[in-house]
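Open the model in your viewer and keep the selection panel at hand. The stops below go from one chain to a pair of copies and then to a single helix.

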6 protein chains.
Amino acid sequence: MRIRIVSPVTMRRAPGVATRSVDDRRQVTVESVTVQAGPATIECEFDEVMAGPDTVARIIEAEHDGCDAVVVNCFADPAVKAGREVVKIPVLGPGESAMHVAAILGQRFSVVTVLESVAPIIENHCRMYGLAEKLASIRWVNIPVLELHGDETRLRVALVEEAAKAIEMDGAHAIVLGCTGMTGLAVEVQEGLRQRGHAGIPVIDPLEAALKLAEALVSLHLSHSKRTYPYPPAKEIVGYNIRPAAVGP
Amino acid sequence: MRIRIVSPVTMRRAPGVATRSVDDRRQVTVESVTVQAGPATIECEFDEVMAGPDTVARIIEAEHDGCDAVVVNCFADPAVKAGREVVKIPVLGPGESAMHVAAILGQRFSVVTVLESVAPIIENHCRMYGLAEKLASIRWVNIPVLELHGDETRLRVALVEEAAKAIEMDGAHAIVLGCTGMTGLAVEVQEGLRQRGHAGIPVIDPLEAALKLAEALVSLHLSHSKRTYPYPPAKEIVGYNIRPAAVGP
Amino acid sequence: MRIRIVSPVTMRRAPGVATRSVDDRRQVTVESVTVQAGPATIECEFDEVMAGPDTVARIIEAEHDGCDAVVVNCFADPAVKAGREVVKIPVLGPGESAMHVAAILGQRFSVVTVLESVAPIIENHCRMYGLAEKLASIRWVNIPVLELHGDETRLRVALVEEAAKAIEMDGAHAIVLGCTGMTGLAVEVQEGLRQRGHAGIPVIDPLEAALKLAEALVSLHLSHSKRTYPYPPAKEIVGYNIRPAAVGP
Amino acid sequence: MRIRIVSPVTMRRAPGVATRSVDDRRQVTVESVTVQAGPATIECEFDEVMAGPDTVARIIEAEHDGCDAVVVNCFADPAVKAGREVVKIPVLGPGESAMHVAAILGQRFSVVTVLESVAPIIENHCRMYGLAEKLASIRWVNIPVLELHGDETRLRVALVEEAAKAIEMDGAHAIVLGCTGMTGLAVEVQEGLRQRGHAGIPVIDPLEAALKLAEALVSLHLSHSKRTYPYPPAKEIVGYNIRPAAVGP
Amino acid sequence: MRIRIVSPVTMRRAPGVATRSVDDRRQVTVESVTVQAGPATIECEFDEVMAGPDTVARIIEAEHDGCDAVVVNCFADPAVKAGREVVKIPVLGPGESAMHVAAILGQRFSVVTVLESVAPIIENHCRMYGLAEKLASIRWVNIPVLELHGDETRLRVALVEEAAKAIEMDGAHAIVLGCTGMTGLAVEVQEGLRQRGHAGIPVIDPLEAALKLAEALVSLHLSHSKRTYPYPPAKEIVGYNIRPAAVGP
Amino acid sequence: MRIRIVSPVTMRRAPGVATRSVDDRRQVTVESVTVQAGPATIECEFDEVMAGPDTVARIIEAEHDGCDAVVVNCFADPAVKAGREVVKIPVLGPGESAMHVAAILGQRFSVVTVLESVAPIIENHCRMYGLAEKLASIRWVNIPVLELHGDETRLRVALVEEAAKAIEMDGAHAIVLGCTGMTGLAVEVQEGLRQRGHAGIPVIDPLEAALKLAEALVSLHLSHSKRTYPYPPAKEIVGYNIRPAAVGP
């Protein structure tokens, strides 16, 4: 099974992603590519729009290369819906995946993201995914994506701080890390919460959640509904060399 | 007052739009531009993604040219949220505008659009705009955008047919035309409904609704909240020559 | 175009309303009348009921006098639905109008009104209009309507104070002034918020919003759905000399 | 215990109501009065507005006369909220009461009312009462209130017909009679449904439901929240001789 | 009229319940039984599951003994839905009953219960009953059920404290006592709130509310919909000697 | 990794379940046990209650035996919430799992279950899980669980028939098989739909979905929130020999 992570941002080290990792035991290969056109990071609607076309191109390419599923490496799930239209294989977004997992694990979840500018995007997506009733709050650490890896201690402390506020003030029962640049920190945040008296609160890493859901869908032989995500009708597209695969069943 | 219509599609005659019209009496100038890169028409999420970057560029340009407001000429409101981030002037989408007007005019409204592939987009937007409770149904005439102007009689008949079904079977009290390619047909559809025994049902032309709302916002000296739509942080964007205006307060 | 403001209260100087103003440039005449029977001000459900019959009478009269639209001059939108039944022309309420404009301008809005007693009315209306998801909170300055004009400085300070709390504590992205007695203060409140570090927050004057929406509807040749607001069936009404116009199409 | 039914309509025989009935066994007296000013029947928003002032006056009078609770005799619950403000005793509306009872008795209920013109009012109330999720549909027999008692067989047949459609087509599990002019027919409609293969479907008489809820509230020593329904502030009311009781705690 | 209270817990003195009380005046007999198998108290989902089978057995028995209605004596409404399936008479839960009464009495209510562990159960039930929009908050006094009667002063003080916070911080307009072990304290809590400046806030005793609703349903000749709660199909049940009555109409 | 399926029913061949299967490649062992006390099948709330206690006992046992996760083998998710309280390992229900997967795969899903009597349970669970907006409809094949395996052709035909109706009449974009007795039929139903012109509609097998989600959670080192599902407080339980593991962190 091959799952490809498509990073929709052009920053050199796309967060949380090695070039290629093989889980020999489970025979799952996770590989990684990055867009060639787009913003350095995604922190607002404008960034999402600029990331869109090349992300879709990379999704088409992934299917063409024989991958079994795609995960778009950004919590804002940019171009995920468009990506589902242009291929047959499952395309997963970390935001949608993590919020569904959180909804299963607890009564209500909070998202802790990078900046306030992302909060309306996340809230709108949560509504669109039909999960608004399960959302306790959206909080942010106020650290831009490009600075996330500069000072990991500061990030960890801020994540625990905001997660604790979500629990104490907003009634959160589970925490979703709201940026894939936070990949790898879920265990530490969970431990930090335990030390502050909040044991047993699941903390969800969105990229990991999306990868596992992708794996689950592939082994269930399921993909997205073609009634929701039909192949785009063939038509002229000026200025881009991106074409969906031959259309149809 | 100058309002600029940005058509996010590259088809030669962007629907419903003269190059420039001046309402001397009310001293409102409505002018029109078209993207140079993007899809011929917008009929799915993929098209919307491909239309995004150049639509944003045209919105930045409109503010730079001294326009007072922008209307994006597509019912799917592509790049409208991103556009609101990059400028100070109001940016209106025909979908959002028409659905709010319909919500004021009647108990429940139906949207009649071109193809089923657009229906999930419209439904998701309606949820995101907070208007889901007012939506009776989404119906479609099953005519692609590029064929809308080929046979206007067929279009008119199909619009009245689906609008009548929305009233009789789905409980609609008002009808929203769900594509700006249908611009100019609202009066005829309303008359067609009257002839079928459905007098007094408002039929809303989305481009016209957006233009009038834009005019209203400009004269109210109101624009979008910069808490919802903050200026994008300055950052590198590879592959596009699009830069938001100097950021700031 | 003639738009008539109907003030549903008998206090001498109905708030925010000159007797007659003509916008020569745009050829819109705004004129104003006041009920002869009803409460001095509207601050609860009881007041709304007492204002109802004569407000409806004034709406019938406005259509008879050749007006193109009516705006009822109270944020609680008293008799607006009944008024829509008895005429063909658009009847707008400042509450409904301002909340829809606010929903378009930002992610979530708060209403700042006069007294707590109005809060359940506003919340119920917001639910009825289908906009509950967009409402962040309702706050009040705790000043009765009759005292609004006694000490404008106190009112302005209180409005900025409550609006700032709505932004900081309730997550509001836009502010709606929740009483037409506050007409004319939107710009000052917006400026007060800017000085407190909340730049870019739209503040909506409800009477102005309703007037502009009325103007938009008239120029769109749209009015309320007669399926939602059918003409009242002819019947005896004891104790009032109010009769809807000859019924029907 | 004395419960007073206030009929908000001036038609001679207010539906379903004897002048006075005493249940000696349970020591509950139910008495009945009718407004002196208002519409013959209530079939739209306009009628509701015209019924308002005198209904409130009769509610004040009922408390003054020593009654323990008031039921307003119309499914549209006219002036019920205003009535709750002006007195301390419970004021019940048949619409609100019956819809809550129906929500307890089954998964989803339908309302069968007189005319389509009442449907938006009922739907809006249902939303306001917070019960929208439990509403399957609103249907109507298309018989005006004044004709309900002319041909009871026609009414009964039509009620069973529409109730059966609500069960078969809309998924209703319980039926609410949507007009107090249908008082006394619940058992017959339930029997009619049973004969059509729909046994075990509760049919709720709204006036009876309101009377029993009123009785329950009185014996529980409960009344409406004065935070929701505070006493109206004292103020001048022109043209009406209606004054709420001395205000305050 | 005979109403039987079924206590689903094995603690010796099931809260708030005498063995038998007869209201001679109103000719209502309220009698009480207790399960023989089950948990001492109900404070979580596990307790609810363990209480289920014998509670259902006692409900079958109540109908067999000729009772007219059953009230299950626990705010978590354990086995209420199953109970409605196995009998024809009304089966009421205190949680559902009290929340509906509270929804009628005020704009929004808070529940004050025993422990945080019950809060998700109550919130889920509130959603299931369709009343989520009316719920302001759930609070707890942090006293286990078995200690409720040890120190009534502590309980009373804590109830007033949390009810006051619900009013001041969560916007509650009415208070529901969230455990039938608090039976009899509503009046004192209401008085305590009055002394803290919150006059006119109804406080609802859930067991009393359920009893009065049961009485109302019996005298209305109404019971639960057999479409929602059909008789269980006959089948083998291993390990329990519980059989629903002969099935069918 | 060991995942245990707990079948909450006593029918000899619990549906869709071999005694033990080892996926050597992925090193996942799936094993299966059955309750010793409870109903033959689960088709209503009563059955669910009777299945509860022994299902919880089997979940405690599974953790004690060293399993990594539990899946309860019934679409009604009986005792799943109670089970989450008594252990630390993830406990999954097929209903909740499949509905979340369906929500990710398409705009709206329908559930096709066995009998109408299960429909309210499923609808209530869907609400409780926060997924009500994504539910298009619930349909049933009208075949009791015990007959599912008697005539598989009849079942397959009926499933395709109802799934097709869900697509054509209710607007479903994905189909969830609503009973774990239908395990193994998803592919055939999907193929049947394709032959009727509905290609690209995912059909979800709920037991398989739950197993894959369980596997995903275990490999993500995630389990349910102990704030939502705290360990039951130690207390006496009469009549059952079921004790949660030593409580606490």
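Domain bounds here come from an automatic or database domain assignment. This is a predicted model, in which local features need pLDDT of at least 70, side-chain atom pairs count only at pLDDT 80 or more, and totals for chains, interfaces and linings use all residues. Residues are numbered from 1 along each chain as its sequence is written, and chains are lettered from A and ligands numbered from 1 in the order in which they are written.

Select chain A and colour domain 1 (2-93 + 208-219) apart from domain 2 (95-206). Their C-alpha centres lie 21 Å apart. The contact (C-beta atoms, placed from the backbone, within 7 Å) takes 19 residues from domain 1 of chain A and 25 residues from domain 2 of chain A.

Next, show chain F beside chain A. A turn of 180 degrees and a shift of 0.0 Å along the axis lay chain A on chain F with an RMSD of 0.0 Å, superposed by least squares on the C-alpha atoms of residues with pLDDT of at least 70 in both. The two copies are therefore related as by a two-fold rotation axis.

Now go to chain B and select helix α6 (residues 186-195), a DSSP run (H or I, at least four residues; strands are E, at least two), numbered from the N terminus. Its buried residues (20 or more other C-beta atoms, placed from the backbone, within 10 Å of their own; exposed means 12 or fewer, partly exposed in between) are Ala186(B), Val189(B), Gln190(B) and Leu193(B). The buried residues of α6(B) pack against α5 (152-170), β9 (174-177) and β10 (203-204) of chain B. On the face turned away from the buried side, find the exposed Val187(B) and Gln195(B).

Technical notes: Contact = placed C-beta atoms within 7 Å.
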